[in-house]
Amino acid sequence: MTDYPVPSYTLGERPFGVIARYREYLPLKPDTPAVTLGEGDTPLVPALWLSQELGCRVFLKYEAANPTGSFKDRGMTMAITKAVEDGATAVICASTGNTSASAAAYAARAGLRCVVLIPEGKIAMGKLSQALMHGAVAIAIDGNFDLALEFVKDISERRAITLVNSLNPYRIEGQKTSAFEIVDRLGDAPAMLSIPVGNAGNITSYWKGFREYKDSGNAQRLPVVWGFQAAGANPLVRGEVVKNPETVATAIRIGNPARGDEALAAARDSGGVIRDVTDAEILAAQRLLAQKEGVFCEPASAASVAGLLKYGSKGLPKGDTLVAVLTGHGLKDPQTAIEQSQPILHCRADLEAVEETIANAG
Ligand SMILES: *Cc1c(COP(=O)(O)O)cnc(C)c1O
């Protein structure tokens, strides 16, 4: 633990991090200092091509712009701040990648020990590099995320180590701030929200955030929520656990979502639905976002747009606002990006040869 005094300095008028910005909506003691890296306040990017395509005013909530490159930071600032408030010295999580990256960074900042359990060989390189670089104890098991989650639940119940998966209620509290930001930016909730669903903490968080903001008079309406799973990891579509989930979108490669019931309730109560998209549809949407909108997200994030393109012929709020959540950065998984792209062109170091190559390229 750090025992040096935390310097207090301000960064002008703008609140630094989601706790500073939305403290009155978060369950913290008034004097608890925030463990923050300045998460939140992410861009709501107008999607020009998609808006044409879908006939709605489409915005992309670009959560890749968080400090460790995914929305997990919103929940982690709360979970780690709370862990410190409660006197914890260590945290643990199971992760498909982004939770471990975020937990490792925020634990490092707070001076806590961090242990992460990941599925062997199924974690994207960028995410692994983050967990390792921030000094987490990283343990790969020859099992999937669902099993890793069982293990860390068990360990955290018996030992003095705090669980920071989205079973931890403070994760949900932090993540709901994205819904607040959307309403603050648009002036009301969008007509529809589209979001990828893995362990189902995030869809639960958005739905909670939108309801709380409406109850406190900040929004007039609630969005219809559409959630999308990968076809190879679609327990909420099938209505049963998927034993061996498989998808290129490793962040949502989950067969037994911890908050599945809450996700189904969010979809049902909002008038929405949870459906699935294939890996091919996910990768096509990822490329379209990169090449038509200039926005690079990871495969799991693109599920939200793949779903809109697949199912959008019916039920879209034509002419109204629609927000698709892009949960993580494309740089997290460079291998998947390179594998599906045009190969690099090799050329002699010769001016004429380079010009010829340019002319011949499509
Ligand atoms: C964690 C994650 C998800 C899934 O979120 P859940 O809360 O588990 O449903 C989706 N996309 C990315 C990039 C993630 O890191």
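Which cavity is the space taken by the ligand? In this predicted model, the space that the ligand takes up is the largest cavity, and two helices, H9 (201-215) and H13 (299-311), are the elements that each give two or more residues to the shell around the ligand.

The shell can also be viewed by domain, since domain 1 (44-69 + 171-339) and domain 2 (71-168) each supply at least three of its residues. Sorted by chemical character, the residues of this shell comprise six nonpolar, eight polar and two charged ones. There are 16 residues around the ligand, and those that come nearest are Lys72, Asn98, Asn199, Asn202 and Thr327.

Some of the contacts can be followed down to single atoms, beginning with Lys72, where an N or O atom of the side chain lies 2.6 Å from an oxygen atom of the ligand. Gly198 approaches through its backbone instead, with an N or O atom there at 2.8 Å from an oxygen atom of the ligand, and for Asn202 a polar backbone atom is 2.8 Å from a ligand oxygen atom. As for the ligand's surface, it has 380 Å² of accessible area on its own, of which the protein covers 97%.

Notes
Residues numbered from 1 in each chain as written. Predicted model: local features only at pLDDT ≥ 70, side-chain atom pairs only at ≥ 80, totals over all residues. Heavy atoms only, no water. Near = heavy atom within 4 Å. Polar contact = N/O pair within 3.5 Å; in protein donor to acceptor, adjacent residues only side chain to side chain. Areas by Shrake-Rupley, 256 points an atom, 1.4 Å probe, with all protein chains shown as cover. 1 Å grid on protein atoms, 1.4 Å probe; cavity = no way out; pocket = protein on both sides within 12 Å on 5 of 7 lines; lining within 4 Å. Sits in = over half its atoms within 2 Å of the grid points. Helix = DSSP H or I, 4+ residues; strand = E, 2+ residues; numbered from the N terminus. Nonpolar A, V, L, I, M, F, W, Y, C, P; charged D, E, K, R; others polar. Domains from an automatic or database assignment.
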